[in-house]
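The following exercises are to be worked through with the sequence and the coordinates at hand. Each task is followed by a solution that goes step by step.

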Amino acid sequence: MSSSWAVLPSARTGFVNPGRQRSLLPSRVHEKRGRCHLGRRSFTFRGIVASGVTMAGSSLLTEPVKGADRLPFKPEGYNYWTWRGRKIHYVVQGEGFPVVLIHGFGASAYHWRYNIPELAKSYKVYALDLLGFGWSEKALVEYDAMIWKDQVVDFLKEIVRGPAVLVGNSLGGFTALVSAGELSEQVAGVVLLNSAGQFGDPSAKAKNSEESLLQKVVVKPLKEIFQRIFLGFLFWQAKQPARIQSVLKSVYIDSSNVDDYLVESITMPAADPNAGEVYYRLMSRFMMNQTRYTLDSILSKLSCPLLLIWGDLDPWVGPAKAIRIKEFYPNTSLVNLQAGHCPHDEVPELVNEALLNWLPTIAPKTSLPEL
């Protein structure tokens, strides 16, 4: 699954399931610009399902979307790459110009199950699991947005070894952006699907300065104890099968694709003995420090074409953010979809269509020589 830094929001009222309607909306939506960020409480609750435990009785026998190819689920994973001494999982299919898919918080390469086979008909498609997620190692390290940027940059250099397009959902979108800024000569384009990240708030810096003394003297000594108790409870809650099903369905406006395959691909990695500690580190040390890197500073470093494929019915990251990104970075194309936070899995046929229409404008369909 994926998130707006987290993946699975808790249920909200006010969003009506539109049924099976799957249509492209106009390239612009008329919506009053709002604040394009999420509070810490939202991130915390949306992240809890990402570290749940394996559900009993999951059969993975559900049928794929009619007429769509689906990546076979392999409990042992596909390919592995050693990065900084850590085991990293990835999938690769097809031939041609490389396209790298990056999942969101709590998800894995399997979340691109309906996109990999279709894109691989024209391109060489990679989907990797970020460190701490999916089938990649649950390393006990200090998690920071830049650790995934470093991972993707090295993946491009060591595995892809040539120009590529980066495609990311939620946290994966943010990771794609910072990676493109770091390795501009190797990234031909970036695609964001309901990306994480927020624009800078000029008043935040002053506020943090005012609170720094209080934080150091009073709050900091108690912070870790409180967080471990609170997040420990949330992690325990995330283990309950009913909660997992409920939250999974809440992030998809049309929950038809919330099946055993999807549930298993999210919950199975949590059987790792380090999953609980990784969850604590992600939520307490990474998610709570999201304001350190802003979209405006990252977009200022971008030099390649940008495509936004946005689920306009996302209850957490609405179309206002896509509009603001397009205003800030003019070299942007925008496709609006009737979907929630994970359009690539909810309406994969429309996302594949949007990608296959845009990719030829920047990426030839023939292989490039390796660097």
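**Exercise 1.** In this predicted model, identify the bridge partner of Ile-309 in strand 9, and then establish how strand 8 and strand 9 run and how many bridges join them.

*Solution.* Begin with the single residue: Ile-309 has Val-335 as its bridge partner in strand 9. Next, widen the view to the two strands, where strand 8 (residues 306-311) and strand 9 (residues 332-337) run parallel and are joined by 6 bridges.

**Exercise 2.** Determine the handedness of the β-α-β unit that strand 8, helix 10 and strand 9 make, and find which residues of helix 10 are buried and what covers them.

*Solution.* Follow the chain from strand 8 through helix 10 (residues 319-328) to strand 9, and the unit proves to be right-handed. Then apply the cut-off for burial, under 20% relative accessible area, which is met in helix 10 by Pro-319, Ala-320, Lys-321, Ala-322, Ile-323 and Ile-325. Finally, look at their surroundings: the cover of these buried residues includes strand 7 (187-193) and helix 9 (295-299), as well as strand 8 and strand 9.

**Exercise 3.** Describe how helix 3 and helix 4 pack, giving the angle and the distance between their axes, and classify the residues in contact.

*Solution.* First, take the geometry: helix 3 (residues 145-160) and helix 4 (residues 171-182) pack at about 65°, their axes being 9 Å apart, and the crossing is right-handed. Second, list the participants, among them Trp-148 and Val-152 of helix 3 and Phe-174 and Val-178 of helix 4. Third, sort the contact by class, which gives 8 nonpolar, 2 polar and 2 charged residues.

Technical notes: Residues are numbered from 1 along each chain as its sequence is written. This is a predicted model: local features need pLDDT of at least 70, side-chain atom pairs count only at pLDDT 80 or more; totals for chains, interfaces and linings use all residues. Side-chain values use heavy atoms; hydrogens and water are left out. Axes are lines fitted to C-alpha atoms, for helices over the stretch in contact, and angles run from 0 to 180 degrees between N-to-C directions. Helices (H or I, at least four residues) and strands (E, at least two) are DSSP runs, numbered from the N terminus. A crossing is left-handed if the near helix is turned anticlockwise from the far one by less than a right angle, and right-handed if clockwise. Contact means heavy atoms within 4.5 Å. Ala, Val, Leu, Ile, Met, Phe, Trp, Tyr, Cys and Pro count as nonpolar, Asp, Glu, Lys and Arg as charged, and the others, Gly among them, as polar. Two strands pair if DSSP finds at least two bridges between them. A crossover is right-handed if, with the strands pointing away from the viewer, the path from the first strand over the helix to the second runs clockwise. Buried means under 20% relative accessible area, exposed over 50%, partly exposed in between (1.4 Å probe, protein chains only).
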